Amino acid sequence: MALSLVTGPTVEPIDLAEAKLHLRVDTTDEDELVKTLIRAARQYVETFTRRALVTQTWDLMLDAFPCEAITLPMAGVTSVTSITYVDTNGATQTWSSSLYQTDLPTAPKAPFARIQPAYQQVYPVTRDQMNAVTIRFVAGNATAVTVPESLKAGIKLLVGHWFQNREAVVVGAGIGGVQVPRTVDHLLWPFRAW
């Protein structure tokens, strides 16, 4: 199983102005750094919670169709764009959406999405090769406004933490490294998908 980003987000859950307000920064000298930290913090939150925060497109590649429902490894899936597979002759085919059903829970704390054959249908037969099946799906909130405030707060705390602690190790401080604040974990745990 392999997961590959096709199209990344075009917006972030918080913008530069929100981050700078949180940081109490009123100059433009470090805008590029702050933008980078916002992206890194969003990616950290998405990895930790296993859910997409803002709209993005992904491909999930499987070696074959399983015997049971396919669970997509990311929560917040809003649509399945296509399912393609390599048939036994080596030709790429598109599995008709009328032949499968999806379960796409989208609540802020929703579990993973699932796909399975429609009633009285079966998975297509694939060629015995790696990445024979590709599932393209879209995940994440359509706008930053709909991202839960707790997750935005976690992003702001991470941005602030990384802005203040630009190195992983503080020399002469008697500690091995600067940890991510526990408050961030407390904000993110309720949203972790299982």
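This is a short tour of one helix, the residues around it, and one sheet in a predicted model.

Start by selecting residues 31–49, which make up helix α2. The helix has 19 residues and reaches 27 Å from its first C-alpha to its last, close to the 27 Å expected at 1.5 Å a residue.

Next, colour the buried residues of α2: Asp31, Val34, Leu37, Ile38, Ala41, Arg42, Val45, Glu46, Phe48 and Thr49. An α-helix has 3.6 residues a turn, so residues three or four places apart point the same way. What covers the buried residues of α2? Show α1 (16–23), β2 (56–62), α3 (149–164) and α4 (182–188), which are included in that cover.

Now step just past the end of α2 to Arg50, where phi is positive, at about 65°.

From there, select Pro190, in the segment after α4. Is Pro190 buried or partly exposed? Its relative accessible area is 42%, so Pro190 counts as partly exposed. Display the C-alpha atoms of Pro190 and Thr49 together: they are separated by 8.5 Å, although the two residues lie 141 residues apart along the chain.

Turn last to the sheet. Its 5 strands form an open sheet with antiparallel pairing, in the order β1-β2-β8-β4-β5. At the edges are β1 (2–7) and β5 (92–94), each pairing on one side only. From one strand to the next the twist averages 25°.

Within the sheet, select residues 77–86 for β4 and residues 133–139 for β8; these strands pair in the antiparallel sense over 7 bridges. To see one bridge, pick Thr84 and its partner in β8, Thr134.

Conventions: Residues are numbered from 1 along each chain as its sequence is written. This is a predicted model: local features need pLDDT of at least 70, side-chain atom pairs count only at pLDDT 80 or more; totals for chains, interfaces and linings use all residues. Side-chain values use heavy atoms; hydrogens and water are left out. Helices (H or I, at least four residues) and strands (E, at least two) are DSSP runs, numbered from the N terminus. The expected span of a helix is 1.5 Å times one less than its number of residues. Buried means under 20% relative accessible area, exposed over 50%, partly exposed in between (1.4 Å probe, protein chains only). Contact means heavy atoms within 4.5 Å. Two strands pair if DSSP finds at least two bridges between them. Axes are lines fitted to C-alpha atoms, for helices over the stretch in contact, and angles run from 0 to 180 degrees between N-to-C directions.
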